[in-house]
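I opened this notebook page to keep track of what I looked up, beginning with one aromatic pair and widening out from there.

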Amino acid sequence: MNRRLVSGYAIWSSCLLVLCLLLSAPAVQSQTLADLSVSVQDTSGGAISGASIVLTSTTTGLQRQTESDENGVGRIMNISPGEYELHVEFRGFKPATKALHMQVGQSASLTMTLAVEAAATAVTVTATEEEGIQPTKSQVSEVISERQIVDLPIKGRNFIDFVMLTPEVTLGNSTSVGSQAPFTEQTPKLSFAGVRESHSVFISLDGVDYTTSLSGLQRSSPAQEWVQEFRVVTSSYDSEVGRTLGGIVNTVTRSGSNVVHGGVYEYFRNNALDASNPLSSPGMDALRLNQFGGTLGGPIVKDKTFFFTGYEGQRRAQSPRYSSFIQANIAGINATKQFFGLSQENLGSVLMVNDYDKLIGKLDHQFTGSTILAVRYLFSDERNPNSPGAPPGLGLPSTFRDNPIRDQSLAANLIHTFSPKLTGDTVFQFARRTFHLDPVGAGREPFMAIPNLVQSGGPVGSFIFYRETRLQFGQNMTRTYSKHTVKFGGEFHEIWNSTKSPMFTPAVSVFSPQSYFGLAPFTQPTAVVFYFGMPRSLWGQQLLPRGTDWQASLLPQSMLDAFDKASSANFTRQIAGLYLQDKWQPITHLTLTYGFRYDFETRPFHDRNWYDQDWRDVQPRVGFSYAFNDKTVVRGGFGIYFGPFNWSELTGTTTAFGPITGYLNNPLVGPFVNSTQSLVGLAEFGPVGVAFPGPGGIPAATAFANFTSTGSYPAPDQLIGFSHGFTTKHFPNPYSENASLQVERSLGADMQMSIGYSYVHALRIHYFGNANAKPNGTLPDGKQALTLADPNFGFAFLDSPDAKSMYHAGFLTFNKRFRNHYGVMANYTWSKSIDNQTTIQFATGPQNYLRRDLEHGISDNHVAHRFILTALGDSPFHNPAAKDWNLALTATLQSPRYQSILVGFDSNGDGFPFSDRVGLLGRNTYAGDVFRTFDIRLQRDFPFELSQHSGKMTFSCEIFNLLNRVNVLDVDNIYAAPDFIGPVPQHYGDGVQGAQPGFGLPRSVADMRQLQFSLRFTF
């Protein structure tokens, strides 16, 4: 199928789907909506059939209604989260009323008892029904409420950070995020169940897909003041959600109401109030932060049409931090750069800037009692000069880039009730995201690196530009029967991508610690690897001299058109998904949820030797919940989940870092036996360089020195391939096997406690490593010695779907909902995560591709113990000086992460200097630092009257890392010797030194104590 046919198919399928949606009276994606089941009975417990059940929003007056069936049960599906009043009545009985708070994704079940009418007065139940233990819910999830979002301390005021308050979720430990353009974005990289954080988590906002499909990460975060609440799902057995390996975050934005409400706010931080970070350069620990904005919402037509709008701006500048190694060796680093005629590095010359302006506009309208429309527009403009272009702590000032981002999305949700038993919901989205990562100044110079120690100069990340445009439609239908709730539906996405990735331009040089500083056996600074990016159309031709005016252009002017065309790609792809699910209550206390989902994603470039299409993403899921009584429920299930194709890495095989010089010859690695049949075709752009060290000396040193002095590239007959992207054609989407078991117990009207177990086995994840190696004897330490299998290549990677991970966790949770002036949420997770490769970066590749079984070990994302405590409290006193005070705290304690102890140069002879481990050690044997932090917020409300409205002024002071603990996040793991010269290092702080004195010292340290003040006016 050619591109024209694919495009035509996409247009016709889009038009057909739009027509179907218009004819079916569309509505919102149900994973963000709540369901309510009401059992109506008399005082003897007998079911009442035909009772009127009316649910009314207390903020907007919008109503939903149904009747109880022959079993006395009435169900209202697809309810927007918020405050409601439930009213039940039947002739001859007293009406009953109950206040409800419906949460995002909630499945609520309650009983309303009607007494025989003896008087005309109604019975009103004033207690608010919160989430409770939800006896019909099979998923394991946590809701972060609006009160928690508003009042808990949060440093960056990015609401998605609150996901970290839930069990089984950690911050991904991928150090590749600073060197891969799509991952430079300022959003948390979340790891659910130890799985790699890219392309593994589904994030929705108001029911629409809110991930960047190129990276699998969240798009620009809405302001905290715009978020009503969200639910974090770690084990879901519903079939409605796809394109995830198990983790789901469902978020709902705020809406207007019948009362005009709004506010303005300002948050302020400054380094003058903070403690100094040990990794800040001397005299350079700046932080200036102002976040400001306002919201306004209210009625346009009372009980019918409502609006909500908001603006937030940020002006932030912060000095970067540099590893202990860089700070101790900056003079030597600059001496080497001067030796090559390159710019000097000044650690105090750069401020990282993160400025943005964001807008939201939302309109809710009730056409009739059965049809409700919500339309939301989000806009974000981020400037981001001097964004990191290297992993934390490793990048010198020349690696920082300008990173402007523009993000817009228009979403429309419509809820339509066809009958009391049939509800439809549909979602529409049109969104565009444009991302740049532009080298500036000395960032256009050749890239220089000591593996895992220092990086400087030009770009080596994945993309310097991408634009993604998404058109999304989704349709869901819900049909209730006597004991069944059947859901079915589907979705369709049309995605247009445009990328540009001139990787390794103008050139890349790699050093060992000794060769960088000219230490023995080297007599002067000596590059041991030299290569550069080149269009395949120019392979075999002599590239014209680029010159040494590095700032004139990133690309060689004489070959600008060829380089630009080869490193760019424009392609369109489609995503489609279908599901069917039944929720069945065979007996009162047992609920079974079962169904399946099928996802399909087209893979463009059909006119080339491209990846095989994956047609097999069928995902069966089954869950159960059994309520022993109204206080105890056990729930669990098992499901298969398919993640999306890894576009961020695998698209590069055609445009950025693939093979251009032909196929590698290595019969020891299966896919190379029949390369043209087993591997994706040659790339349009890829790296080439000079041969590795041999008996005649180090050609890389001569080539790099000549390039820095004259800007001339080596002759064609000196070049070999350095492919970063041979990939197998058979590359199915990753999937996970997900199972859990949880017992939850209600301890009272507002307290629950649970204990559970979770299992996640992820398979077919992207794996890569240097495959250009063959055995060459044994090293003195007993390790396999290697040599190049094909001398026409240097190191050459093979990408395959062979990574896998295994996660086991036990968890305890306690939740005291906010009532009687306080609320508490706590959870403890005890887990183990193992895999054979966590992240895609040079240092995590296998040290011997022929023995990948030796890579099985503790995951980079493994955190054995993690405890989170949050608490909210307000003053119970009425004294003018003591009332209206609020105190909130968050405490995080977690055990160390693990790292591999690396040599820092090529010790096994395969020409790949990045992943070699010392001696016979396995992966991730060195424990890092324990992490402990304690944050608090103290605030005071000052009520006031404004015209006909009441309002309040709120002043707050937040202290992050109150105890000022030094939390070391990453440690210098370069030992700089092929075998141990003393005791084997075990953990951070054990005092064991390596061959280079920086070993074991901090590379990255979390923020020290910081203070933030805010002032808010709300009405």
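**Aromatic pairs**

I first looked up the burial of two aromatic residues in this predicted model, and I found that Phe435 is buried and that Tyr466 is buried as well. I then checked how their rings sit, and the two form a stacked aromatic pair, with 5.0 Å from centre to centre and 15° between the planes. I placed Phe435 in strand 26 (residues 422-436) and Tyr466 in strand 30 (residues 465-480), so this pair ties together parts that lie 31 residues apart in sequence.

As a second case I took Tyr975 and Phe980, whose aromatic pair is edge-to-face, with 5.1 Å between the centres and 75° between the planes. I noted that Tyr975 and Phe980 are both buried.

How many aromatic pairs does a search of the whole structure find? I wrote down 50 for that search. I also noted one aromatic cluster, whose members include Phe325, Phe339, Phe340, Phe511, Tyr516, Phe517, Trp550 and Tyr713.

**Backbone entries**

Before going through the backbone I reminded myself that most peptide bonds are trans and that most residues other than glycine have a negative phi.

Which peptide bond is cis on the way into Pro506? I recorded the bond from Thr505 to Pro506, with omega near 5°, and I located Pro506 in the loop between strand 31 (484-500) and strand 32 (508-510). I recorded another cis peptide bond from Ala520 to Pro521, where omega is near 10°, and Pro521 has its place in the loop between helix 4 (513-517) and strand 33 (529-535).

I then turned to positive phi values. Glu168 is not a glycine, yet its phi is positive at about 70°, and I found this residue in the loop between helix 2 (146-151) and strand 10 (169-171). Is Glu168 buried or exposed? I read a relative accessible area of 5% for Glu168, which means that it is buried, since the cut-off for that label is under 20%.

I made a matching entry for His199, a residue other than glycine whose phi is positive and near 60°. His199 sits in the loop between strand 11 (190-192) and strand 12 (201-205), and with a relative accessible area of 5% it counts as buried.

**The whole protein**

I closed with the overall values. I counted nine helices and 56 strands in the protein, and I noted that its C-alpha trace spans about 105 × 65 × 50 Å along the principal axes. Why did I write that the radius of gyration agrees with a compact globule? A compact globule of 1019 residues would have a value near 31 Å, and the protein has 30 Å, so the two agree.

Of the 1019 residues, 63% count as buried, while the protein exposes about 35,900 Å², of which carbon and sulfur atoms supply 59%. I also looked up how contacts are spread along the chain: among those between residues at least 6 apart in sequence, 76% join residues at least 24 apart. For charge I recorded 78 positive and 84 negative side chains, and I added that the centres of the two sets lie 1 Å apart.

Definitions and conventions. Residues numbered from 1 in each chain as written. Predicted model: local features only at pLDDT ≥ 70, side-chain atom pairs only at ≥ 80, totals over all residues. Heavy atoms only, no water. Helix = DSSP H or I, 4+ residues; strand = E, 2+ residues; numbered from the N terminus. Rg over C-alpha atoms; globule rule 2.2 N^0.38 Å. Buried < 20%, exposed > 50% of the residue type's maximum accessible area, 1.4 Å probe, protein only. Contact = heavy atoms within 4.5 Å. Areas by Shrake-Rupley, 256 points an atom, 1.4 Å probe, with all protein chains shown as cover. Lys, Arg positive; Asp, Glu negative; His and termini not counted. Charge placed at Lys NZ, Arg CZ, Asp CG, Glu CD. Phe/Tyr/Trp six-rings, centres within 6.5 Å; stacked < 30°, edge-to-face > 60°.
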